[in-house]
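Trainee: I should like to understand how the terms used for a structure are justified. May we go through them one at a time?

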Amino acid sequence: MEKSANFLFGGTNFNRKKFAPDFAKFKNRTVEDDDRNKKLSFFEQEEESEEEPEQEKIASSSSSSKKRKRKSANSEPVEGFDVFKSSKKSRSKGKEVEHDTKDETLENPKKELYRRMEQDALSRKQYNIHVSGNNIPSPLKSFTELASRYGCKKYILRNLAELGFKEPTPIQRQAIPILLSGRECFACAPTGSGKTFAFICPMLIKLKRHSTDGIRAVILSPARELAAQTAREGKKLIKGSKFNIRLMTKPLVKTADFSKLQCDVLISTPMRLKRAIKAKKIDLSKVEYLVLDESDKLFEQSMLKQIDGVVKACSNPSIIRSLFSATLPDSVEELARSIMHDAVRVIIGRKNTASETVKQKLVFAGTEEGKLLALRQSFAQSLNPPVLIFMQSKERAKQLYDELKCEDIRVGVIHSDLPPGERENAVDSFRAGETWVLIATDVIARGMDFKGINCVINYDFPDSASAYIHRIGRSGRAGRSGEAITFYTEEDVPFLRNIANTMTSSGCEVPSWIMTLKKKKWKKHRPKRDSISTRPKDSKIEQEE
Ligand SMILES: Nc1ncnc2c1ncn2[C@@H]1O[C@H](COP(=O)(O)OP(=O)(O)OP(=O)(O)O)[C@@H](O)[C@H]1O
C-alpha cells in the first residue's frame, strides 16, 4: 500500500509553507463566505432561470474572479481548494458525496488534499493523462461534473447527450477543468480523440450566455474546411441557447459590419481574420478566449505573421489562450511557454504518436507507374469506401483524379486551386457517401472528421512525421478502427525510418531492415516525381500531337 502511494506521489512533495494562503482559506471560511456564495448563485438563477443547473454553482466564485485572478497565487484554484468547493456542493445536494464533511475537511485539509491528489493521480494514470504545471485541477469524472463543479447549463449537457457522448475523452477530462479554472494550456492528444469539444465546451461554459458586447472568443484553424467543421460542431453544442457562433467566410469579411454583427464566437483561418484586422473592420479587444487549433501548423513560418497579428489584436489582458494539436514539436512548446501565462501542459498518451486504432502498412511500389497499378489492383480486389488518398501537390492530385474519374469508382478531388464552393462540395459529397474515394492534398490532412473512413492511402509519401500522423489520423477516429497504406518508391527509402518509428510507437510492425536504416533529418520531403499515368507513352504522344 505504502509502495503504491510512493509511486503515485513520486516526485511530489507537498509544500505546506507554499500553500499557506490556501490553508488559510480552509480555516478562515466563515458563515459570511457561505452567504456570499449563496447570493451569487441566486443572482445567476434570476438571470437564466430556465437553464440553471440544479446543482449549486460552484463556479460562480471562479467566474467573478475572471480578471487575471490566475495571476495571484492566493486565488489560483489549488487542488485543496477544489476539494473544499466540492464538499460544499455535496452538502447542499447530497450527490457525488464520497465521505467528506465540512468538519472533516476543515480539520484535515492536508489529509483531504492528499486524498484528492491520490485520486487525481489514479485517474490520470487510468486515462494516460500526463500533466505539468502548477496546481492543476482534477480531471473530470463525468460530464455531469460540469454542472456540479462549474455550473454548466443544462442545454450543454443535453446536447452532449444527444450527440451520444456518454463520458469525456481523456483530453476532455483534463483540458476542460484547466480552461474552466481560468488557466491557459497547451495540449497534445491523438487524432480523433475529441480535442474540438475539449476547447469549445469550456469556452461556452465560461462565456455563459449570448451577449451583444461583440466577439468574446476566437478559434483559429489552419484551413477553411476545418474552420467550417469546427463551427458546425460548436453549433451542435449551443442548440437551445442564444449563443452565436460564426464562421469567417469571404463574403463576411467583405460585407459585414462587425460592429453590429451578433457574434459570440468567431471561427476563422488566420488569413481571413488578419485581413479583417488589417482593414480595421473588426475589434478583438474584448476577446476572452483564443484557441489555436492545430497549433503547430499555425506556428509554421507561412502562417506565423498572421497569427502574430491576431494574437496582438486580441489585446484583452485577461485573455485565456490555449493550443491544441495531435503533434507538438518542442519548438512549439517553447514558444507556447514563452507567450503563455502559467500554462498547463497536457499530453495524452505519448507525444507525437499516431492513433493506435489505425492499422498501418508500408507498400513498396517501385515506380510511379507501380503506384497506380497497385491502387487499381487494390480497388479491383476490395474497394472498401470511404477511402481518402493523399497526394504531395495539387498538380498530382489533379493528375490522379484525371486518371480515375472515368472509371467505375465515384471519385472526388480537393486541393487549394479549387474555388471555395467546389472545395465545400467535395467535402460534402464525401461526407454524404456520394463519392467513395476522395483525392486530396494536405489541405484536409488535419482535423477533418469524416465519419468512418476505412482506409487512408498515402499515395505520395508524407513530407514529415507530423504530416503522416495527421493524414492517417483521418481514419480510426473516436475509438473506431481504420487502416493506412503508405506507398513508397526508391526516393522515399531514406525517409522510411522516420515513419517506421512512428509506426512502431503506435504498435505496428515494421520490417527489421527498415529499423536498421539511418535516421534522416528531413525538411519537407517532396521529391520531383514522374507524372501519373498508366497510358502507354506512345498514346500520350499521339494525344499531345
Ligand atoms: N466524449 C466523446 N464521446 C464520444 N465521441 C466523442 C466525444 N468527444 C468527441 N467525440 C467525437 O470524436 C470524433 C473526433 O473528435 P475531434 O474531431 O474533436 O478529434 P480531434 O482530437 O480534434 O482530432 P484531430 O487531431 O484529427 O483534429 C468526432 O466525431 C466527435 O464527435
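Mentor: The following exchange concerns the ligand, its surroundings and some annotated spans. This is a predicted model, in which local features need pLDDT of at least 70, side-chain atom pairs count only at pLDDT 80 or more, and totals for chains, interfaces and linings use all residues. Residues are numbered from 1 along each chain as its sequence is written, and side-chain values use heavy atoms, with hydrogens and water left out.

Trainee: Which residues come nearest to the ligand, and what makes a residue near?

Mentor: A residue is near if one of its heavy atoms lies within 4 Å of the molecule. There are 22 residues around the ligand, of which G192, K195, T196, D449 and R477 come nearest.

Trainee: What makes the approach of Q172 to the ligand a polar contact?

Mentor: A polar contact is a pair of N or O atoms within 3.5 Å. An N or O atom in the side chain of Q172 is 2.8 Å from a nitrogen atom of the ligand, so this pair meets the definition. Oxygen atoms of the ligand are also approached: a polar side-chain atom of K451 lies 3.0 Å from one, and for E294 the distance is 3.2 Å. Of the 650 Å² of accessible area that the ligand has on its own, the protein covers 90% (Shrake-Rupley method, 1.4 Å probe).

Trainee: How is the shell around the ligand divided into nonpolar, polar and charged residues?

Mentor: The shell holds 6 nonpolar, 8 polar and 8 charged residues. Asp, Glu, Lys and Arg count as charged; Ala, Val, Leu, Ile, Met, Phe, Trp, Tyr, Cys and Pro count as nonpolar; the others, Gly among them, count as polar.

Trainee: What is notable about phi of E294, and where is E294 placed?

Mentor: Phi of E294 is near 55°, a positive value in a residue other than glycine. Most residues other than glycine have a negative phi. E294 is in the loop between β6 (289-293) and α15 (295-298); helices (H or I, at least four residues) and strands (E, at least two) are DSSP runs, numbered from the N terminus.

Trainee: Which peptide bond is cis?

Mentor: The bond joining P385 and P386 is cis, with omega about 0°. P386 lies in the loop between α18 (368-382) and β10 (387-390).

Trainee: Why is the span 145-173 called the Q motif?

Mentor: The name comes from a UniProt annotation in an unreviewed entry, and such annotations may be inferred rather than shown by experiment. In the model, residues 145-173 are 66% helix and 0% strand.

Methods
Polar contact = N/O pair within 3.5 Å; in protein donor to acceptor, adjacent residues only side chain to side chain.
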